[in-house]
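Q: Please take a close look at one part of this structure and follow its connections to the parts around it. A plain account of the computed values is enough.

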Amino acid sequence: MRVDVFTIFPEMVAGFAGQSLLGRAAAKGLVDVRVHDLREHTTDVHRTVDDTPFGGGAGMVLMPEPIFASVETADPPRPLLLLGPGGRRFDQGVARELAAGEGFSLLCGRYEGVDDRVRTELCDGELSIGDYVLGGGEVAAMVVLEAVGRLVPGVMGNAASAGEESFSDGLLEYPQYTKPAVFRGLEVPAVLRSGDHGRVARWRRAQALRRTVRDRPDLIEARGGLSAEEQALVEELAGDDPPPRR
Ligand code: SAH
């Protein structure tokens, strides 16, 4: 998979993409992240990428020329997605869609944003990571890169872990524990230490359901409620919940 990122802060994104999960994915040849510096396509000595907004108002706007030139030179994989608070909300479903393709590209705005002709004439869509305003698209690009990158086949060590985690079945994940079995008097649920794989699977399924009902009822509603079998499981294992959050 190839992902091209256009930004005025290439070191930020390249540094992130070179480490940990994405760094290993690149070393294995699974994900090819190419970061492009929008300033490389400026024509003046100051390498100017922004100017004041027509119509007045505070702040600066990224000019269309360097962005068009940069994208046209790189000929990046499509869709080219502009990062911006007005875009389609990025979630696990969008991450799956992007991971299923051969590649895509991200354009990071800065300051007050980008000239709107970039959005309408150059980009194929707009992506938001949430209802808040960042200083630039770089952090948003890193969020998208990481969430998509870990879904690319072969990137995660244990392929099964992506199939069982939060959102994979419209549910949050069950609680996880590791050693020690007793930490400051807090005991790991006995069923997880029983060695009985059938009981462990049932407990985890019930916990995922109970936790989602309690913390994210909107997710339960989105998947059309609980089936009769799920409802029964949730009730049967009701006494086994971990203590509530402190
Ligand atoms: N003036 C704009 C905000 C610009 S923020 C407005 O009011 O809508 C500067 C840049 O940060 C944007 O161009 C975008 O690339 C990025 N950005 C800000 N918030 C974002 C979000 N929630 N999701 C994705 N990108 C965001």
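**A strand, its partners and the ligand**

A: R47 counts as partly exposed, because its relative accessibility is 36%, a value between the 20% and 50% cut-offs. The model is predicted. R47 is placed in the loop between β2 (32–37) and β3 (50–51). Its phi is near 55°, which is a positive value in a residue other than glycine. R184 is another non-glycine residue with a positive phi, here near 50°. R184 belongs to the loop between β8 and β9 (186–187). With a relative accessible area of 74%, R184 is exposed, because that value is over 50%.

The part to look at closely is strand β6, which has a different setting. Strand β6 covers residues 103–107 and is mostly covered, with five of its five residues buried. The side chains split into two groups: G103, S105 and L107 point one way, while F104 and L106 point the other way. Residues of both groups are buried.

What does β6 pair with? Strand β1 (residues 2–7) is one partner, parallel to β6 and joined to it by five bridges. Within this pairing, F104 of β6 has V3 opposite it. Strand β5 (residues 80–89) is also a parallel partner of β6, with three bridges. Two residues of β6 can be placed against this partner: L106 is the bridge partner of L81, and L107 has L82 opposite it. L106 and L107 point to opposite sides of β6, and both are buried.

The β1 partner can be followed one step further through T7, which lies in that strand. T7 has a relative accessible area of 0% and is therefore buried. A polar atom of the T7 side chain lies 2.7 Å from the backbone nitrogen of F9.

Strand β5 has a second pairing to consider, with β7. These two strands run parallel and are joined by five bridges. In this pairing, R89 stands opposite S128 of β7. Strand β5 thus pairs in the parallel sense with β6 and with β7.

The loop that leads from α3 (64–74) to β5 contains P79. The peptide bond between R78 and P79 is cis, and its omega is about 5°. A second cis peptide bond runs from K179 to P180, with omega near 5°. P180 is located in the loop between α7 (159–164) and β8 (182–183).

The next step from β5 is to the ligand. Which residues come closest to it? The ligand is surrounded by 19 residues, and the closest are L83, G109, E112, G130 and Y132. β5 gives three residues to this shell, the largest share.

Several backbone atoms lie at short listed distances from ligand oxygen atoms. For L83, a backbone N or O atom is 2.6 Å from an oxygen atom of the ligand. For G109, a polar backbone atom is 2.9 Å from a ligand oxygen atom. For G137, a backbone N or O atom is 3.5 Å from an oxygen atom of the ligand. Taken alone, the ligand exposes 570 Å², and the protein buries 81% of that area. The ligand sits in the second largest pocket. Two elements give two or more residues each to its shell: β5 and β7 (125–128). These two strands are also paired with each other, in the parallel sense.

One more buried residue belongs to a loop. V31 is located between α2 (20–27) and β2. Its relative accessible area is 5%, which is under 20%, so V31 counts as buried. The C-alpha atom of V31 is 15 Å from that of V143, and the two residues are 112 residues apart along the chain.

To return to the strand itself: β6 has five of its five residues buried. It pairs with β1 over five bridges and with β5 over three. β5 in turn gives three residues to the shell around the ligand.

Technical notes:
Residues are numbered from 1 along each chain as its sequence is written. This is a predicted model: local features need pLDDT of at least 70, side-chain atom pairs count only at pLDDT 80 or more; totals for chains, interfaces and linings use all residues. Side-chain values use heavy atoms; hydrogens and water are left out. Buried means under 20% relative accessible area, exposed over 50%, partly exposed in between (1.4 Å probe, protein chains only). Helices (H or I, at least four residues) and strands (E, at least two) are DSSP runs, numbered from the N terminus. Two strands pair if DSSP finds at least two bridges between them. A residue is near a molecule or strand if one of its heavy atoms lies within 4 Å of it. A polar contact is a pair of N or O atoms within 3.5 Å; within protein, one must be able to donate a hydrogen and the other to accept it, and residues adjacent in sequence count only if both atoms are side-chain atoms. Accessible areas come from the Shrake-Rupley method with a 1.4 Å probe; for residues, only the protein chains shown count as cover. On a 1 Å grid over the protein atoms alone, a cavity is a set of points where a 1.4 Å probe fits but cannot get out, and a pocket is an open set with protein on both sides within 12 Å along at least five of seven lines; lining residues have an atom within 4 Å of a point. A molecule sits in a cavity or pocket if more than half of its atoms lie within 2 Å of its grid points.
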